[in-house]
Amino acid sequence: MRRVPRGAVVTIAALALALVLLALQGLGPLDALTYLVRGAFGDAPALCATLRKLVPLLLCSAGILVAFQAGLWNIGAEGQLLAGALAAGAAGVASGHWLPALAAGALGGALWAALPAALALWRRVPEVLSTLMLNGVALELLRWLVTGPLQEPSHQFPQSPQLPPAARLPQVELARSAALHLGLPLALLATLLVGWLLTRTRFGLALRAGAESPRLVLALGLPLRRWRFLAFALAGALAGLAGAVEVTGVAGAVDRSLASGVGYAAIAAALLARLAATRLPLAALLFAALAAGTTALQLQENLPGIDRFGLVLQGLVILAVLAGRRTATVDAEGGA
Amino acid sequence: MNELAMQAARLALPLVLATLSEVVAERGGVVNLALEGMMLGGALAAWMVAAGGGGAALAPALLAAMLVALLVALLQALFVVRLRADAIVTGAALHFACLGATGLVFERCKRSAGVTTFGELGGAWTHVPWIGTLAIVAAVLAFLHGTRAGLAIRAAGDGPEALRAAGGSPARARTHALLLAGALAGLAGASLTTVLTGTFVEGMTAGRGFLALALVLFARWNPLGALLAGLFLGGLFALELHASTLAATPGGAGVLTFVLRALPYLLCIAALALVGGRPDAAPRALGRPLVDDR
Amino acid sequence: MSPPPALEFHRIVKRFGGRAALAEVDLALRAGEIHALLGENGAGKTTLVRCALGLTAPDAGRLLVDGRAVSIPDPAAAAALGIGLVQQHFALAEGLTVAENLLLDRAGAPRFFARRTLAARARERLARHGFELDPERRVADLSVGEKQRVEIVKALEAGARVLILDEPTAVLAPSEVGALLERLRALARSGRAVLLISHKLDEVLTVADRVTVLRAGRVVLAAPRAEIDAARLTRALFGDAPDDAPAAPHEAAAGPPVLTATGLAGPGFGPVDLEVRKGECVALFGVDGHGQGELLETLIGLRPARAGRVDRPARGVAFVSGDRHGSGLALDLPLAENLALRRELLPAATFGRAALAAAATPRLAEFAVQSDGPWQVARRLSGGNQQKVVLARELSIGPALVLAENPTRGLDARATAFVHARLRSVAREAAVLVATTDLDEAVVLADRLLVVHRGRLHATERTRAAAAEALARAAASS
């Protein structure tokens, strides 16, 4: 009997539950599914919308992947994304070009992660708390800067000045109102890089071994603490890059809509992919499609609030993964 | 000045209750990341029951809030205590689910019930929330330190082996802790609706739950500490509201607001960094999943 | 006619897998007596005691309480029969007060209580057993000896008439030991039966009324105090063939020193002077907890020394750990990745799947690892094969120095023999230092044998008897 892949079971279970919830909203499951799928993949604009949502999600979850594999509970992607967005906005306006903006974004995110990393590795401060706190700080920072020092010249809107055209990410027009920007190949590249790093370099090997057996790695003479710091910073850099991409590729300016919870959704995606880089694009695509689909559903069927649905599904998916993991553990022990 | 103090007290209420909730949960050994979600659920439930019902609907509203939060807590207990899933991940999942679910339900109700507000009753009723909260703080203190169930909870979070060796069940004690924490979280959320604003806004907890996670450290896992920490933060929030009148320049108000709002988070990180890891007052088994001894 | 023993083990047998952990063990505990139970690690002491505590059921034989045969299915039954345990790792809630910890244990505890009444009752209870301790103090603030006293009171309060203490002095400071032994005498005098599990010959000789020695699950000595002395005990513990020859032929140690430690000191050990030469295998034998672990970590460089210095080669140092969970292997990674952790086996910083497998497969074959290939996850292997992987990783680098810590812990006879053969063969070209708590292993492997006691090293001859005597002497003089 062929073993059905666990991820598929989990997703289907969560989706089924989701459809039940939708039915309670007065929407027939078949209708709901149709709208969702069409909203996510139906035509070129829909597909582009999905892919646009995929980019920051994928970048953040790639970073989270590295951190989690190294045994570092980095839940600060949201804050690192915002820090990167702010840095990118400032750099974009100042330099007028998108490349320094992206670099600044990555740097901003890396720095935002560096503090909790240092605290965790050198002062044993639990990174769950410190990254969570910094998420809060980043949000307040965003709120302040876009209504203060970084506000656009007319001081009417809570956002940064619009980026000049040269500072916008290059895009490709597939069709009318269906454009893809440079962020997509960047995100895919980042995922490949992360996968390669974790499985094809001693750095990645040591990180993964060190998550469970740090004493072993240290006894082998590998600089585990330094490498874990780099991994954490890399996670922050990728999240910061996500913020930068959103600013230069989508919004064109820094505003409060950047704090949309992508950083948290990325955690769900990474967990759904069970921390494997090869499964990550698909997992992220699922959530991106859900986000795009529910937005379209909302507009189409005049079901206000249906996009909250994506959040509920995120939670359900993680719970399903957790519940499923328990039986997975039993399997593993049976072998030895 | 008096107005500032009163405002501080009002703003402090949900924080006190939320921190109290987390104190109970963490004394039992669980970090409750779903606190924010529970509060939201409680806020929504309270609003739904009380909307348009006048003063008489207050008590049922509070009950409804506790019930909803209890359900979430039950779910969390199932995953964290029974299935031994990671508490952080479970909490995050429940957070998403509650955030989304409350948004969904609110949108639906807004559709069918129309906009309603809930006015505060005047006179003596304005003091009830505070008297109630003080009574609850005292009750939790008495419960934790003066009853067998409270002792079991503290043992589950500090030395589950001792509890098990004595024939108790750390799993049961942890579940109790989570349920009580849930009820308190529901009340915290209800206070947002029934005391502070009189309406429900999506995501109205605005990070207060996460803040409470940090405040527990300042409270040193103590109900009285929760009271003080909550009051302190209420003061900060009240100051922030008055920032524009306090600051000399318009731009200055922005910075001050930012500093005041970011301060709790930064203070927490600073405290963690100074203490370096596990503070002495922390329950020793905090965050550790329970293991069978066989 | 004397009353029946408070607790008696009658021909107890217990098997784990194919191995007999207890083979027809008889032991009688009488009220008013302190009975000492001695034995090496793995001799069966813990297993025997677990039978009495309801944690394990014997495969054959009977347990008798006051002469009546009983079955003890769980700890609650043991407690009901009046059998209490004071274990090495205290089951106390550190953040709670003494009074609260005592309250935890009471089955009929009140639902509600006030702090002051609680403290008063606790003080009463403590006094009843002759203890003076402030019940309002947090357990975390107590000294180890005081915590142990709380544990004893807990057991007594639960109605224990048979009190079992597992290595109680292992955690105590030397100044506290005397007080404990006095306490035990008082307990015995009050009519209880005390079973003292211990390694320490001097304490046993001071306080025991009767002594039983277990070796490999069998009772090799059971006698009243009057009939024994240190020498007899040592012989019983470690084997009584004074002329047992060392197993391996002794090759003259050639070679320059590879590892040198001078005046080395750290937490739990020192000062230590040690030299290991190329071509020789030095074995450190000692009981757990006397600093070997810390010494080894300092020698490898995992932990800085407090004083003294270590000279070791910059490259080519192999660490063979018997702790496969934390220091030996990354259990969740496949074998190929485990091996690739060593730079020497795969010099590149980046590598493809093919390169990983190519580097791993020959090594796995060379060390006869039974697996489903280099991509099998390490956790799935048996203990013996896991240890072979550790050897494969460490010894394939052609080391100049090998440091091994309990390399055959938990392995069966065949796997043990394999590991020993490999270590001896690598010892021809390298310097090997093995720290172990298994005396047989130490004797088999050693070209030179050192005994570790309280962090100091003592040279001795390469026989069981000599090592045991050296240990006894060290214990007596400390």
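Biologist: How many salt bridges are counted between chain B and chain A?

Modeller: Between chain B and chain A the count is 1 salt bridge. This is a predicted model, in which local features need pLDDT of at least 70 and side-chain atom pairs count only at pLDDT 80 or more, while totals for chains, interfaces and linings use all residues. Residues are numbered from 1 along each chain as its sequence is written, chains are lettered from A and ligands numbered from 1 in the order in which they are written, and side-chain values use heavy atoms, with hydrogens and water left out.

Biologist: Why is the pairing of Arg261(B) with Glu140(A) called a salt bridge?

Modeller: The term asks for a side-chain nitrogen of Lys or Arg within 4 Å of a carboxyl oxygen of Asp or Glu. Arg261(B) and Glu140(A) are 3.6 Å apart, N to O, so the pair qualifies. There is also 1 residue pair in polar contact between these chains (both at pLDDT 80 or more); that term means N or O atoms within 3.5 Å, where within protein one must be able to donate a hydrogen and the other to accept it, and residues adjacent in sequence count only if both atoms are side-chain atoms.

Biologist: Which elements make up the chain B side of that interface?

Modeller: Two or more residues each come from helices H3 (58-82), H4 (87-113), H9 (208-218) and H12 (250-275) of chain B. H4(B) gives the largest share, 15 residues. Helices here are DSSP runs (H or I, at least four residues), numbered from the N terminus.

Biologist: What makes up that side by residue class?

Modeller: It divides into 29 nonpolar, 6 polar and 6 charged residues. Asp, Glu, Lys and Arg count as charged, Ala, Val, Leu, Ile, Met, Phe, Trp, Tyr, Cys and Pro as nonpolar, and the others, Gly among them, as polar.

Biologist: How much area do chains B and A bury?

Modeller: About 3,700 Å², with 78% of it on carbon and sulfur atoms. Buried area is the accessible area (1.4 Å probe) that two parts lose on being put together, summed over both. In chain B, Phe96(B), Leu104(B) and Phe258(B) lose the most to chain A, together 19% of what that side buries.

Biologist: Why does Glu100(C) with Arg154(B) count as a salt bridge?

Modeller: Their closest N and O atoms lie 2.6 Å apart, so they meet the 4 Å rule. Chains C and B have 1 salt bridge and 4 residue pairs in polar contact (both at pLDDT 80 or more). On the chain C side, helix H3 (residues 98-104) gives the most, with 4 residues.

Biologist: What does the buried area look like there?

Modeller: Chain C and chain B bury about 1,600 Å², 55% of it on carbon and sulfur atoms. Leu96(C), Leu104(C) and Phe113(C) lose the most on the chain C side, together 30% of what it buries.

Biologist: How do you know that the two domains of chain C touch?

Modeller: Contact means heavy atoms within 4.5 Å, and 10 residues of domain 1 of chain C are in contact with 12 residues of domain 2. The domains span 7-238 and 257-476, with bounds from an automatic or database domain assignment. Across their interface the rule finds 0 salt bridges.

Biologist: How confident is the prediction for chain C?

Modeller: Chain C averages a pLDDT of 85, and 94% of its residues score at least 70; pLDDT is the predictor's confidence in each residue, from 0 to 100.
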